[in-house]
Amino acid sequence: MSHLMPPRVPTTVELPPRRALHAGSTQVLVVGGGPAGLGAAVGAANAGAEVVLVERYGFLGGNATAALVMPLMSFHNEVKQAVPGDTTRLLPPDHGEGEPVVGGVLWVLLEQLVRTGAAIRPSLETGYTVPFDPELFKLAAYELLENHEVRMLLHAFASGLVGLPDRVRAVFETKSGPLVLDADVIVDCTGDGDIAAAAGAGYETGRPEDGWTQPMTLMFRMVRFDHEEFAAYTRARPDQWKGVHGLWDLVRAATDAGELDLPREDMLFFATPNAGEVAVNSTRVTEVLGTSVWDLTRAELAAHRQMAQIARFLRDRVPGFADSYVAQSGVQIGVRETRRITGEYLLTGEDVLSARKFDDAVARGAYPVDIHNPSGRGTRLERLPRGESYDIPLRCLLPRGPERVLVAGRCISGDHVAHSSYRVMPISMATGQAAGVCAALAATGERRPRDVPVSAVQRELRAQGASLP
Ligand SMILES: Cc1cc2nc3c(=O)[nH]c(=O)nc-3n(C[C@H](O)[C@H](O)[C@H](O)COP(=O)(O)OP(=O)(O)OC[C@H]3O[C@@H](n4cnc5c(N)ncnc54)[C@H](O)[C@@H]3O)c2cc1C
């Protein structure tokens, strides 16, 4: 055992009081520079607020860049069934023609990505996913914020919150020592709900029966991949590849031979905009929590061992991979699910699958329920009715309790099943934009976020090109 274990009997110690540098104040403070944070910062800036975005890493993008999570999942409903045909294009299976249900900031970023050759425009051909290059994504994200006059602070980890009479004060750990920033409203885009939890909001974690969350996955990029050779194999063995996953027989053979030891039965990988490259989403570490430093450590070690096994398996057994190698793995393991902050409404799996509509809708989603088994093999994938989408009410972004904090992205208020759908990056950007707009209207109108009329949020979102019913 090469990693530190949690103490058997937890004891705590008192730390000496300390002073922090006062780094300034702003109307809207966005914490976290992932998809939700980008949406929130631009949404708030467009609505007329002064905005600062703070991120713990030295780059933006969140899971899109730090965890190499690719592609942007489909944000289209499915209007028509696709003609079943070529199964070799590394596309999601059974995709039909669809219409976008997310607009706004997502499209501004998309246009920028496509213009610079960093992404492929969504179409039926890509199953409406958006393959992108994570390094170019980082640059596009900086430019997006610069173009909207959002001030950034990188390398700053939010570690606490202090309530002030009419404002909030966030505490950051940095190389320059601790510092604080004051804001009228904070939008928590940390994915983990760090800020809302620090402010005292309640939350749920994992599935109801045992609290286990979806597994973690270390993603990696394999290069020198021969797509033609792989396509020839899947044409010859159509039973062995479905859109973006498969190779069941080869995985079974390698598992039986002791070469693979994974809690999954197949391989899952996605095309990228770069020739000769795939993004591999096939490691799986179960029964670990992304808010436990002990579990994160254990998961990183386990996932890197799995990555080495998978790379060897692909090279040795899978046509098209003979000369391939791992060019890059995520800066950190990808964490699918942690805290779901309890808000004024809790979106349910039933709301998602029945495509429920709400009067206070501020975002929409059409992505299926997609639950990687928290404790073993298998994935539950359940689609919405064809051509449908569900609404996300503003109440899901308003935590119960804290007055000056909004949540966006994967930590909004919902159950385990609903979360598996709204967690994807395009919907996270949409809830981010909505939270940013609400925060800006609160700050500029000198009121609490919950006192901003939802009609005003919806009006501003529509003016910003968001897709609302
Ligand atoms: C393995 C895996 C595969 C996935 N596949 C896809 C896919 O193919 N397509 C898709 O669309 N979605 C996919 N998802 C889901 C998607 O990546 C996330 O749910 C989405 O990125 C959530 O966006 P977010 O902005 O809420 O959080 P994140 O992307 O996690 O961003 C949070 C940001 O906050 C920062 N941060 C966190 N805590 C602090 C703190 N205390 N202080 C300062 N900064 C902080 C982080 O560094 C990060 O930049 C996948 C997820 C995983 C893990």
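**Exercise 1.** Which helix gives the most to the shell around the ligand, and with how many residues?

*Solution.* Keep in mind that this is a predicted model. Begin with the whole shell: 39 residues surround the ligand, and the closest are G32, G34, G62, G334 and G409. Next, look for elements that supply at least two residues each; these are α1 (35-46), α2 (63-66), β4 (157-163) and α11 (425-444). Of the contributors, α1 gives the most, with three residues. To finish, sort the shell by character: 19 residues are nonpolar, 13 polar and seven charged.

**Exercise 2.** Work out how compact the protein is for its 469 residues.

*Solution.* Let's take stock of the fold, which has 12 helices and 19 strands. The radius of gyration is 22 Å and the globule rule gives 23 Å for 469 residues, so the protein is as compact as a globular protein of that length. Now check the extent: along the principal axes, the C-alpha atoms fill a box of roughly 65 × 55 × 45 Å. Then turn to burial, where buried residues account for 52% of the 469. Last come the contacts: of those between residues at least 6 apart in sequence, 75% join residues at least 24 apart.

**Exercise 3.** Trace the open sheet of six strands and find its edges.

*Solution.* Write down the strand order, β9-β10-β11-β12-β8-β13, with antiparallel pairing. The edges are β9 (241-242) and β13 (325-329), since each pairs on one side only. Now zoom in on one pair: β8 (residues 220-223) joins β13 in the antiparallel sense over four bridges. Within this pairing, V223 has Y325 of β13 as its bridge partner.

Technical notes. Residues numbered from 1 in each chain as written. Predicted model: local features only at pLDDT ≥ 70, side-chain atom pairs only at ≥ 80, totals over all residues. Near = placed C-beta within 6 Å. Nonpolar A, V, L, I, M, F, W, Y, C, P; charged D, E, K, R; others polar. Rg over C-alpha atoms; globule rule 2.2 N^0.38 Å. Buried ≥ 20, exposed ≤ 12 C-beta atoms within 10 Å, placed from the backbone. Contact = placed C-beta atoms within 7 Å. Pairing = 2+ DSSP bridges.
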